[in-house]
Amino acid sequence: MRIDIITVLPELLKSPFEASILKRAIEKDLVEVHLHNLRDYTTGNYKQVDDYQFGGGAGMVMMIEPIDKCISQLKSEREYDEVIYMTPDGKTLNQGMANEISMKKNIIVLCGHYKGVDQRVRDMFVTREISIGDYVLSGGELAAAILCDAVIRLLPGVLNDETSALTDTFQDNLLAPPVYTRPAEYKGMEVPKILLSGNFPKIEKWREQQALERTQERRPDLLEK
Ligand code: ADE
């Protein structure tokens with residue numbers, strides 16, 4: 001998979017890809033992530049990427065021309081399955097969407113700033129608009145990093161234990177059951193006996209039951225889906 005991220009703040013997006021699982025995925029060539037500074041696609045000395053909005057009102061709007069230049073350049077080099085725009089008025093990201101996107105070959109992720117992008121960018125180029133939740137960030141970069149993390153960890157070979165993404169919370173609309181590690185007793189608090197029993201069918205049943213109870217208690221909305 002190849003991800004091209006278009007941003008006015010590439011430095012904000014460097015570190016998530018320089019540590020841990022994402023770094024390893026890149027080193028193992030399981031994914032390529034390329035950052036594109038929108039200012040490199042501007043004309044004129046001021047490297048202007050935004051302007052006042054027509055009709056008046058507070059806040060600047062990202063202009064179409066640099067975005068067009070950047071996307072057109074990328075599209076002349078290869079085909080893209082999606083152009084994703086990170087925006088608080090997009091569809092809220094969930095595990096299903098992350099699964100879907102993880103099957104794409106090449107995607108562009110566009111990070112918004114200020115009041116967002118000129119509507120014509122959305123009409124012309126964008127195939128999918130994604131929000132990471134009902135709150136407003138100062139830009140789409142952190143949202144893009146979250147999307148990339150959720151997607152990249154699903155790519156084959158990225159996680160060591162291939163099955164571990166399958167047992168994630170949300171993967172089957174259930175929250176994950178509680179987990180324990182050594183010691184079996186800590187300051188009087190004991191690990192549930194069943195987990196030490198070695199009876200794996202029974203342990204599996206217990207985990208399913210715990211997952212269901214947790215979901216019922218914390219996220220009953222997931223069970224209605
Ligand atoms: N940009 C600003 N806020 C955002 C959000 N909640 N999701 C995605 N992109 C954003």
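In this predicted model, Asn106 is tucked away from the surface: its relative accessible area is 10%, under the 20% cut-off, so Asn106 counts as buried. The residue belongs to strand β6. What does its side chain meet there? A polar atom of the Asn106 side chain sits 2.9 Å from the backbone oxygen of Glu79. Glu79 also turns up among the residues that Asn106 touches once those up to four places away in sequence are set aside, and the others in that group are Arg2, Arg78, Tyr80, Asp81 and Glu82.

Moving along the chain, strand β6 covers residues 106-111, and Gly112 lies in the loop that links this strand to α4 (119-124). Is Gly112 buried or exposed? With a relative accessible area of 8%, under the 20% cut-off, Gly112 is buried, too. Leaving out neighbours within four places in sequence, Gly112 makes contact with Met62, Tyr85 and Met86, and also with Gly139, Gly140 and Glu141.

Tyr114 is in that loop between β6 and α4 as well. Here the setting is a bit more open: Tyr114 has 40% relative accessibility, which lies between the 20% and 50% cut-offs, so it counts as partly exposed. Its backbone is worth a look, since phi is positive, at about 55°, although Tyr114 is not a glycine. Most residues other than glycine have a negative phi.

Gly112 comes up again in the UniProt record. An unreviewed entry there places the feature "binding site" at Gly112, Ile132, Gly133, Asp134, Tyr135, Val136 and Leu137. Which of these residues help line the second largest pocket? The lining includes Gly112, Ile132, Gly133, Tyr135, Val136 and Leu137. As for Asp134, this residue is in the loop between β7 (128-131) and α5 (141-152). Asp134 has a relative accessible area of 75%, which is over 50%, and therefore it is classed as exposed.

Several of the residues named in the record also show up around the ligand. In total, 13 residues surround the ligand, and the closest are Thr87, Ile132, Gly133, Tyr135 and Leu137. Where do nitrogen atoms of the ligand come up against the backbone? One such contact is with Tyr135, where a polar backbone atom is 2.8 Å from a ligand nitrogen. At Ile132, the distance from a ligand nitrogen to a polar backbone atom is 3.0 Å. For Gly133, a backbone N or O atom lies 3.2 Å from a nitrogen atom of the ligand. The ligand has 260 Å² of accessible area on its own, and the protein covers 96% of this.

Two further spots in the backbone round off the picture. Asp29 has a positive phi, near 65°, and is a residue other than glycine. Asp29 is found in the loop between α1 (20-27) and β2 (32-37). Its relative accessible area is 65%, over the 50% cut-off, so Asp29 is exposed.

The other spot is a peptide bond. Which form does the bond from Arg182 to Pro183 take, cis or trans? The bond is cis, and its omega is near 0°. Most peptide bonds are trans. Pro183 is placed in the loop between α5 and β8 (185-186).

How values were computed: Residues numbered from 1 in each chain as written. Predicted model: local features only at pLDDT ≥ 70, side-chain atom pairs only at ≥ 80, totals over all residues. Heavy atoms only, no water. UniProt positions renumbered as here; feature names shortened; annotations may be inferred. 1 Å grid on protein atoms, 1.4 Å probe; cavity = no way out; pocket = protein on both sides within 12 Å on 5 of 7 lines; lining within 4 Å. Helix = DSSP H or I, 4+ residues; strand = E, 2+ residues; numbered from the N terminus. Buried < 20%, exposed > 50% of the residue type's maximum accessible area, 1.4 Å probe, protein only. Contact = heavy atoms within 4.5 Å. Near = heavy atom within 4 Å. Polar contact = N/O pair within 3.5 Å; in protein donor to acceptor, adjacent residues only side chain to side chain. Areas by Shrake-Rupley, 256 points an atom, 1.4 Å probe, with all protein chains shown as cover.
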